[in-house]
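Visitor: I have this chain open on my screen and would like to talk it through with you, one topic at a time.
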Amino acid sequence: MPKALLIIDMQNFVTERIQQGVDYFPHNSIENMTSVIEKFRKSGRPVIHVRHQTPEQGSLFHPRSPSSLPMDAFKELANEPVFIKHTSSAFSSTELMPYLQDAQISEVVVIGAVAGFCVNSTVRMGADLGLTMTVVKDAVISFELRKSQLSAKVIHDVTLALLAADFAQVADATELQLS
């Protein structure tokens, strides 16, 4: 069965947070994401995009908000499906699982934003649905939570450790095997 790449929420809000000085980790995560995408595209394996949108006017994620648009490096190619979600998990409010079933995809490699939120929810639910999930640890981004005084690195490390404990395999971008 083919292995697919799932790109979660790589929208303009990511670069906006970075430009606003919000600390993030790992600092090479965006570059690693683009290299993973290139690896999947060159191999001819499926690349799937998920984006977060909300209907509330004025929301960062409203479809007309520039913040909700995909970052330039993360725009889909003509043959790459895009699923719009309204929930944290990419499986809860989309037709992602039926798509994967129809394509006979049982292994999903995850990259994107944000580690402790939508990446976490999606990976856990994918595992619960019986998929083999892999998270590319240096190709998911985490942001600090200033109000909670939690650094981006701590959130990233704890999230990935919890996912690796029972929900997913964890790999480095350079070590990721597509076979």
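Guide: A term to settle at the outset: helices here are DSSP runs of H or I with at least four residues, strands are runs of E with at least two, and both are numbered from the N terminus. What you are looking at is a predicted model. In that numbering, L131 is found in the loop between α4 and β6.

Visitor: Let's stay with L131 for a moment: buried or exposed?
Guide: L131 is buried, because its relative accessible area is 9%, and the cut-off for burial is under 20%.

Visitor: And what is L131 in contact with, neighbours within four places aside?
Guide: With those neighbours left out, L131 is in contact with F91, M97, L100, I105, S106, V108 and G126. V154, by contrast, is 23 residues from L131 along the chain, and the C-alpha atoms of the two are separated by 27 Å.

Visitor: G126 is in that list, so which residues of α4 are buried?
Guide: G126 is one of them, and A115, C118, V119, N120, T122 and V123 are buried in α4 as well. The cover over the buried residues of α4 includes the strands β1, β4, β5 and β6, together with the helix α5. Just after α4, G130 takes a positive phi of about 95°.

Visitor: You mention α5; where does L160 sit, and how far is its C-alpha atom from that of A115?
Guide: L160 is found in helix α5, and although A115 lies 45 residues away along the chain, the two C-alpha atoms are separated by 7.8 Å. A115 is also among the contacts of L160 beyond four places in sequence, alongside V135, K137, V140 and V170. L160 counts as buried because its relative accessibility is 7%, again below the cut-off of 20%.

Visitor: Stepping back, what is the overall order of helices and strands?
Guide: There are 5 helices and 7 strands, and along the sequence they follow the pattern β-α-β-α-β-β-α-β-α-β-α-β. The radius of gyration is 15 Å, close to the 16 Å that the globule rule gives for 179 residues, so the protein is as compact as a globular protein of that length. Along the principal axes, its C-alpha atoms fill a box of roughly 45 × 35 × 30 Å.

Visitor: What share of the residues is buried, and what share of the contacts is long-range in sequence?
Guide: Buried residues make up 49% of the 179. If you take contacts between residues at least 6 apart in sequence, 79% of these join residues at least 24 apart. The accessible surface comes to about 8,700 Å², and 52% of that belongs to carbon and sulfur atoms.

Visitor: Changing topic, how much space lies in the largest pocket?
Guide: The largest pocket holds about 220 Å³ of space. Its lining consists of 13 residues, and those closest to the pocket centre are F13, R17, F61, V114 and F117. Two helices, α1 (12-19) and α4 (115-128), each supply at least two residues of the lining. By character, the lining residues divide into 9 nonpolar, 1 polar and 3 charged.

Visitor: V114 caught my eye; which peptide bonds are cis?
Guide: The bond from A113 to V114 is cis, with omega near -15°, and V114 lies in the loop between β5 (107-113) and α4. A cis peptide bond also joins F25 and P26, where omega is about -10°; P26 is placed in the loop between β2 (24-25) and α2 (29-43). As background, most peptide bonds are trans, and most residues other than glycine have a negative phi.

Visitor: Then where do residues other than glycine take a positive phi?
Guide: D9 is one case, with phi near 50°, and Q149 is another, with phi near 55°. D9 lies in the loop between β1 (3-8) and α1, while Q149 is found in the loop between β6 (132-143) and α5 (152-166). D9 counts as buried because its relative accessibility is 3%, whereas Q149 is exposed because its relative accessible area is 75%.

Visitor: One last residue: where is S65, and what does it contact?
Guide: S65 lies in the loop between β3 (47-52) and β4 (82-85). Apart from its neighbours within four places in sequence, S65 is in contact with S59 and L60, and S65 is buried, with a relative accessible area of 12%.

Notes:
Residues numbered from 1 in each chain as written. Predicted model: local features only at pLDDT ≥ 70, side-chain atom pairs only at ≥ 80, totals over all residues. Heavy atoms only, no water. 1 Å grid on protein atoms, 1.4 Å probe; cavity = no way out; pocket = protein on both sides within 12 Å on 5 of 7 lines; lining within 4 Å. Points joined across faces, edges and corners; volume = space filled by probe spheres on them. Nonpolar A, V, L, I, M, F, W, Y, C, P; charged D, E, K, R; others polar. Rg over C-alpha atoms; globule rule 2.2 N^0.38 Å. Buried < 20%, exposed > 50% of the residue type's maximum accessible area, 1.4 Å probe, protein only. Contact = heavy atoms within 4.5 Å. Areas by Shrake-Rupley, 256 points an atom, 1.4 Å probe, with all protein chains shown as cover.
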